[in-house]
Amino acid sequence: MKKSKFISVLSVACILSACSAQTSFQSINEEVELKVNKNEPITIIENTSQTYSTTSFGQYVFKATSDDKEPIYGLIPLKFNGGYLAADIMFFAPAMFFNLREVYPYYQFDVDAGVVRYKKKEEDSWVTYTPTKAEAERAKKYFSN
């Protein structure tokens, strides 16, 4: 009985750990303050690591500010996780409503250029994301409430 209980607890821990992803934030500008959703603001100095929950339908809005520069607002680009989809189909289909997308492992904020760069692997090239007007307005409205 104890062995089955241990296996059950271990299984639940594995499932819960798969519901979040760690990311690293960098900045071109000095001391960028980053606010993501309603989380406490963080100051990006060198590499700053954070953990965020996976999501299927949600978004992470952000506001990045540096000194007296105009802040940038937008949505953090998320990656699709096909491995989670396959596991969800095989083991627990309703999980697809919670974990199909997650943060990329690396982000770089450039407040001067008004862009966010992201990549999957450290050796990859940066992909540049420029928030659309609609995304920026949505994020501004989110943070003004």
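This report describes confidence, sheet architecture and aromatic contacts in one protein chain.

**Confidence of the model**

The structure is a predicted model, and its confidence should be kept in view throughout. The protein chain has an average pLDDT of 78, with 70% of the residues scoring at least 70. Among the elements of the chain, the lowest mean pLDDT, 48, belongs to helix α1 (residues 2–17), whereas strand β11 (residues 127–129) has the highest, 96. Residues 8–17 have a pLDDT below 50, and in the model this stretch makes zero contacts beyond near neighbours in sequence.

**The four-stranded sheet**

Four strands make up an open sheet, ordered β3-β2-β5-β6, with antiparallel pairing. Its edges are β3 and β6, each of which pairs on one side only. On average, and with direction ignored, neighbouring strands of this sheet are turned by 25° against each other. Helix α3 packs on the sheet and touches β2, β5 and β6, and the direction of the helix makes about 105° with that of β6.

Strands of a sheet pair through backbone hydrogen bonds, in either the parallel or the antiparallel sense. The pairings in this sheet can be followed strand by strand, beginning at the β3 edge. Strand β3 (residues 42–44) is joined to β2 in the antiparallel sense over three bridges, and in this pairing V32 stands opposite I44 of β3. The β2–β3 hairpin has five residues between its strands, and N37 takes a positive phi near 50° there.

On its other pairing, β2 runs antiparallel to strand β5 (residues 61–65), to which four bridges join it. Two of the residue partnerships are K35 with K63 of β5 and E33 with T65 of β5. Strand β5 itself is mostly covered, since four of its five residues are buried. Four bridges also join β5 to β6, again in the antiparallel sense, and here K63 stands opposite Y73 of β6. K63 of β5 is therefore a bridge partner of K35 and also stands opposite Y73. The hairpin of β5 and β6 has six residues between the strands, and D67 within this hairpin has a positive phi near 50°.

In a regular strand the side chains alternate between the two faces of the sheet. Strand β2 (residues 32–36) shows such an alternation: V32, L34 and V36 point to one face and are buried, while E33 and K35 point to the other face and are not buried.

**Aromatic pairs**

A pair of aromatic rings is described by the distance of the centres and the angle of the planes. Eight aromatic pairs are found in the structure, and two of them, both tilted, are set out below.

| Pair | Centre to centre | Angle between planes | Class |
|---|---|---|---|
| Y73 and F143 | 6.4 Å | 45° | tilted |
| Y107 and Y118 | 6.5 Å | 45° | tilted |

Y73 belongs to strand β6 (residues 72–75) and F143 to helix α3 (residues 133–144), so their pair ties together parts that are 70 residues apart in sequence. Y73 is buried, at a relative accessible area of 14%, and F143, at 18% relative accessibility, counts as buried as well.

In the second pair, Y107 lies in strand β9 (residues 106–110) and Y118 in strand β10 (residues 115–119), so this pair ties together parts that are 11 residues apart in sequence. Y107 and Y118 are both buried. These two tyrosines also belong to a cluster in which ring pairs link F25, F62, Y104, Y107, F109 and Y118.

**K119 and Q108**

The lysine K119 is placed over two rings. Its charged end sits over the ring of Y106, 5.9 Å from the ring centre, and K119 also lies over the face of W126, at 4.3 Å from the ring centre.

Strand β9 also contains Q108, which counts as buried at 11% relative accessibility. What is Q108 in contact with, leaving aside its neighbours within four places in sequence? The contacts of Q108 are Q26, I28, V115, V116, R117 and W126. W126 is thus listed among the contacts of Q108, and the face of W126 is the one over which K119 lies.

Methods. Residues numbered from 1 in each chain as written. Predicted model: local features only at pLDDT ≥ 70, side-chain atom pairs only at ≥ 80, totals over all residues. Heavy atoms only, no water. Phe/Tyr/Trp six-rings, centres within 6.5 Å; stacked < 30°, edge-to-face > 60°. Buried < 20%, exposed > 50% of the residue type's maximum accessible area, 1.4 Å probe, protein only. Lys NZ or Arg CZ within 6 Å of the ring centre and 35° of its normal. Pairing = 2+ DSSP bridges. pLDDT = per-residue confidence, 0-100. Contact = heavy atoms within 4.5 Å. Axes fitted to C-alpha atoms, helices over the stretch in contact; angles between N-to-C directions.
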